[in-house]
Amino acid sequence: MTHPEKSHGRTIPERTSPRHISLTVKAGLIPAFSQLLQNGFWIKGYVGCSVKSFLCEQFGLAPEYLEKRIQTIFLDGDVVDDVEKTVIEDGATLSLSAAMPGLAGAVLRKGGYYAAMRDQISFKGETTSASMQSGKILVKLFNMPLQELGPVFLEHGIQVESNKVKDVLKARADDFERGCGEVLADGRKFEFKQLLEMDWGGGDIFLQVKIV
Amino acid sequence: MNILRIDMGASGGPKVSVVPSGEYAGLGGRALTSSVISKEVPPLCHPLSEDNKLVIAPGLLSGTSAAQSGRISVGCKSPLTGGIKESNSGGQASQVLARLGYQAIILEGKPKAGELYKIFINKDGVKITPDSSLCMLGNYDLVEKMKKEYGDKIACISIGPAGEMKMSAASVAFTDMEQRPTRHAGRGGPGAVMGSKGVKVIVLDDTGLSNRTAKDPEKLRTANKTFVDGLRKHPVTGEGLPAFGTNILANVINEAGAYPTNNFLVGRFPGTSKISGETQAETEKARGGIPTHGCHRGCVIQCSGVYMDKDGHYLTKQPEYETVWAHGANCGIDDLDAIAMMDRLDDDYGVDTIEMGATIGVAMEAGLAKFGDAEAAIRLVKEVGKGTDLGRILGNGAAVTGKVFGIERVPVVKSQAMPAYDPRAVQGIGVTYATSTMGADHTAGYAVATNILKVGGYVDPLKPEGQIDLSRNLQIATAAIDSTGMCLFIAFAVLDQPDTFQALIDMLNAFYGLNLTADDVVALGKSVLKMERDFNARAGFTAKHDRLPEYFKKEPLPPHNVTFQVTDEDLDKVYNW
Ligand code: SF4
């Protein structure tokens, strides 16, 4: 469904549902996107490379951060022990977490002393670099990486289900109304309210969130 | 220090004797409770009989300035497992009891006519009074009543209606810093044993008393500082746990495919992000709750919190990982408010949250409610509080409920419900579940510095037999830490930072004027496990009880589609040392 929209006194032409939403928000609103980031979002890049190369070379993550801070990594649900040898394929799910408490936390740590206790779910897939090609992977962020890398990925832009984004914005509509600066849909400016009234269609959307 | 023995069955009414430590000198926490139970309780006695005892013991450093030292152990022959039990809790009582000068309280005997008593202990002594007005009060109302009677400087140890009804899932409640009955020695039904002794509440008041003094106060201060610095600088104890609580694990265990969902049917729950520690902490902050809070004074990690309802009113303490899982994913429920409500009800009725959640999962499998139906789950918990016929079945745990309703898939070992890790995905945990003296228990194999302690020599973790050795060593080290009475969450800092582990030993040495080494700590852990194993053997346990239910070997767990593959022969090797 399409309909004319008004923005800043201008009548804008009939449009199809937006594919790219860009928001500038107060820092206090970033946690509202937490569940989106926990559930996972798609990012595009070159695949067929190691986890380390994907995160550090393509996304600028400091190698030290990956080594020290991200202690628990899953690739398609398997525990990754070696970030340099494990290869990411197109369509994979990569989950990033800090060190975890308890026996389970120790057991799931990368390269951990207790690795034998979860042998059945340790990553045993591709460990030699295949040829690189463009593709996309689903990233899930938990705990400390959620807090620390979440804003970075949001600023860079993530691909997520449009309905889920709309749900997040609706759930705290009043807060966003107050705390949102610039609202762009496919490059055009809107009021926050208009964004919610718009038909977003289905499928995925590219979302960018910058902090004011 | 002295031991306070109260014979609840003495002729003429309960009889108090304050006796020196004697053969139990130098023991605390689990080492003390398990020693008393193994030496003084006939292993074949009925857990609710006069022959059973309930031992409540602070840790070795409780009542001192040492950080994390306020955990308390409750020991008995378990009505749930039929074996020895040490159940561990936070709360204020450990510090207060130690400051009152008691190494332990031991409740013995059984009143003849089924009276209900309250026990008041302060610096002037012990007063025991029958009080039928307390009958069937929930823990929250009970504590309020005690505050009116004894003032607001007290710490309470109590049972709710479940303990009075002697349900096998009944807990012993301990009040927290805000004097709410939110901390529980839940596992194994110690509340039923307290109920069988006719004790509704023990009220402690340490007014006029100060911290216990160390043999070498300066050394204790220095060691404590190193210990606290170690906890603060470690990412788990200094950041992850304070920020998100233990429920920080939900997303990660779910991702590992080890998050038991719908009564251990699958290993992933689609609603995890709605009930994760991350979401929980944000919900608490948004409602004016507290995401970072200690369960007792002197905790610097502060993995707990305060959970408010939608209107910003106190509902319960921050439900921890196991509770959120048990009432959440395990029952297909992704509503944090409903889970928090069940946590509140569990605390009020005085039942173990893990056992209750697992039991409701079994009840759902039996068709008593649909997976995901939060309201129905709350109704089932309320049946327990009311003590209806159904409630009495549920209040006796997952194993009994499974039997009554003819369900095969019942996730228990030695009749105790498994906690929040599916042993098919993380098989090393399955080894611990199967072989622990306590029944399926996650804390019985917590990650403690076995590589630093070198318990049992060096283990090559990549060899297939590695997980047997690791589980054994973890159980030994855990028994040792439990015996110091320190919170088990120190484990990570101790695991990664040898100086933090040394600081722990230094604190013990400074306080008692000892020269303990890491080897002594290991020896203590081994001796505790040996005692517990021996008690269980005398109570009729054999190797056949050290097994997971058969379906874990047969039913593959999605998404990894793995079964439990550790052989029985290997399981039998855990106790070879
Ligand atoms: S870390 Fe958590 S369980 Fe341990 S003492 Fe502190 S609040 Fe209690």
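This section describes a predicted model, beginning with chain A and continuing with the ligand site and selected backbone features.

Chain A has 212 residues, of which 57% count as buried. Its secondary structure comprises eight helices and 14 strands. Among the contacts in chain A with a separation of 6 or more, 79% are between residues 24 or more positions apart. The area exposed by chain A is about 9000 Å², and 49% of this area is supplied by carbon and sulfur atoms.

The ligand occupies the largest cavity. The residues around the ligand belong to chain B and fall into several stretches of its numbering. Gln68(B) and Arg71(B) are part of this shell, as are His293(B), Gly294(B), Cys295(B) and His296(B). Further members are Cys299(B), Ile301(B), Gln302(B) and Cys303(B), together with Cys487(B) and Phe489(B). When sorted by class, the shell contains six nonpolar residues, five polar residues and one charged residue. Arginine counts as charged, and Arg71(B) is among the residues listed around the ligand.

In chain B, helix H7 spans residues 235–244. Its buried residues are Val236(B), Thr237(B), Gly240(B), Leu241(B), Pro242(B) and Phe244(B). In an α-helix, residues three or four places apart point the same way, because one turn takes 3.6 residues. Gly245(B) follows H7(B) and has a positive phi, near 70°.

Most residues other than glycine have a negative phi, and most peptide bonds are trans. Several sites in the model depart from these patterns. Asn143(A) is not a glycine, yet its phi is positive, near 40°. This residue lies in helix H5 of chain A, which covers residues 143–156. Asn143(A) counts as buried because its relative accessibility is 0%, and the cut-off for buried is under 20%.

Ser415(B) is likewise a residue other than glycine with a positive phi, here about 70°. Ser415(B) is located in the loop of chain B between strand E16 (412–413) and strand E17 (416–417). With a relative accessible area of 29%, Ser415(B) is partly exposed.

The peptide bond between Pro558(B) and Pro559(B) is cis, with omega about 5°. Pro559(B) lies in a loop of chain B, between helix H23 (551–554) and helix H24 (568–571).

Definitions and conventions:
Residues are numbered from 1 along each chain as its sequence is written. Chains are lettered from A and ligands numbered from 1 in the order in which they are written. This is a predicted model: local features need pLDDT of at least 70, side-chain atom pairs count only at pLDDT 80 or more; totals for chains, interfaces and linings use all residues. Side-chain values use heavy atoms; hydrogens and water are left out. A residue is near a molecule or strand if one of its heavy atoms lies within 4 Å of it. On a 1 Å grid over the protein atoms alone, a cavity is a set of points where a 1.4 Å probe fits but cannot get out, and a pocket is an open set with protein on both sides within 12 Å along at least five of seven lines; lining residues have an atom within 4 Å of a point. A molecule sits in a cavity or pocket if more than half of its atoms lie within 2 Å of its grid points. Helices (H or I, at least four residues) and strands (E, at least two) are DSSP runs, numbered from the N terminus. Buried means under 20% relative accessible area, exposed over 50%, partly exposed in between (1.4 Å probe, protein chains only). Contact means heavy atoms within 4.5 Å. Accessible areas come from the Shrake-Rupley method with a 1.4 Å probe; for residues, only the protein chains shown count as cover.
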